[in-house]
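The following paragraphs explain a molecular structure step by step. Please keep the sequence and the three-dimensional view at hand while reading.

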Amino acid sequence: MSFLQLQQVGKTFEKGQKAAVHDMSLQLEKGEILTLLGPSGCGKTTTLRMIAGFEQPTEGTVKIGDQVVFANGKSIPPEKRGIGMVFQDYALFPHLNIEKNVMFGLNKWRVRERKKRAKEVLELVGLEDYAARFPNELSGGQQQRVALARALAPRPHVVLMDEPFSNLDAGLREKMRFEVTNILRKAETTGIIVTHDQKDAFAVSDRVVVMNEGEVQQIAAPKEMYRCPKNCFVAQFVGKTNLLDGEMCPDLKHVNTHIGKVSLPEQTSEIIEDVKVSIRPEGCRLAEQGMYSGHVEYVTYGGEFQELSVRLNNSGAEAEPMIIYAPIEQDVEVGAVVSFDITPELVALVD
Ligand SMILES: Nc1ncnc2c1ncn2[C@@H]1O[C@H](COP(=O)(O)OP(=O)(O)O)[C@@H](O)[C@H]1O
Ligand SMILES: [Mg+2]
């Protein structure tokens, strides 16, 4: 039984315009953390706002728990949907202290219960000693934890977070990815997080929904998404890749490309002749007697690895060079001839 469900949800803001969200279906299990990932303008915030009830779909059905919250133009208001929202700018009340900020959504509770719950959620986010402070006396990461505590306080069915990490600098961002997931897991909350950053998405979620131009491209666990992207858009959006046109071999396990024969991780059932393969740069490993060889056109140092652009000996001058990641300790010079093998597990057929 899914806990949150979107069925063919669509949103067109103005008649005759392209839909901001089109035919969106997805299901969440209780306790699951899902991210909506995609470039700016692809419809992530609109989707989140339709789940929250701030925006009405023009098509489809939304269910939360066993309640239909939107169908056939009938909508349950946001405050009755059992959702907790964390906004991109946290939206804390500057004139209220942290405890009062957290108690904000509990106005129907008895005063003693309110105080007890505020203490509980502030402990959960590790800010029990900050109850009397004001938002401007806290760091960005702390403010975000307050916003999360406030969202969690009324025990919502689902917590929705829009770009929660975008206002944080790189170091804090990594720490908060870890903390936010930890807090959501401890609270056993179901969560949907919106981000345009693939690293955020992979680090925090059980499953990722990649969107483009209002449409779902693929829904998968991070590792599967990376290893088996469904199409060229997903392959390129979740990491660097080499996209090669090819012809399927009769054994359905190899593809002939301009660099030579490439092995697939397993035999495919797709009997299509003209195909495209995605080969991850880290799937190409330098080797003494590698199956493929070429000369290095440029080397870029990427910190934990170096990126090589290799022009293959057997492919024509107009063919794209291959991008390969090599370990940083290996000495590679521009112009050198290198050979490499390709790990089939990092090769995928894509649409
Ligand atoms: N209130 C609105 N009125 C008209 N168009 C809107 C409105 N909100 C969003 N859009 C449009 O819908 C599309 C998706 O926007 P949005 O959901 O904010 O994308 P994202 O959050 O992925 O960046 C964009 O083209 C945007 O311009
Ligand atoms: Mg947005």
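By class, how many nonpolar, polar and charged residues does the shell around ligand 1 have? Before the answer is given, it should be said that this is a predicted model. The residues that surround ligand 1 are F13, A20, G38, S40, G41, C42, G43, K44, T45 and T46. Sorted by class, this shell has three nonpolar residues, six polar residues and one charged residue.

From the ligand we turn to the sheet. Six strands form this open sheet, and their order is β7-β8-β9-β3-β10-β11. The pairing within the sheet is mixed. At the edges stand β7, residues 83-86, and β11, residues 215-220. Each of these two strands has a single partner strand, so one side of each is left without a neighbour in the sheet. From one strand to the next, the twist averages 20°.

One pair of strands in this sheet may be followed in detail. Strand β8 covers residues 158-162 and strand β9 covers residues 190-195. The two run parallel, and five bridges join them. Within this pairing, V159 has G191 in β9 as its bridge partner.

The last stop is a helix. Helix α5 comprises residues 170-186, and A170 has its place there. Is A170 buried or exposed? A residue counts as exposed if 12 or fewer other C-beta atoms lie within 10 Å of its own. A170 has 7 such atoms within 10 Å and is therefore exposed. Along the chain, A170 and T189 are 19 residues apart, and their C-alpha atoms are separated by 26 Å.

Key. Residues numbered from 1 in each chain as written. Chains lettered and ligands numbered in written order. Predicted model: local features only at pLDDT ≥ 70, side-chain atom pairs only at ≥ 80, totals over all residues. Pairing = 2+ DSSP bridges. Helix = DSSP H or I, 4+ residues; strand = E, 2+ residues; numbered from the N terminus. Axes fitted to C-alpha atoms, helices over the stretch in contact; angles between N-to-C directions. Near = placed C-beta within 6 Å. Nonpolar A, V, L, I, M, F, W, Y, C, P; charged D, E, K, R; others polar. Buried ≥ 20, exposed ≤ 12 C-beta atoms within 10 Å, placed from the backbone.
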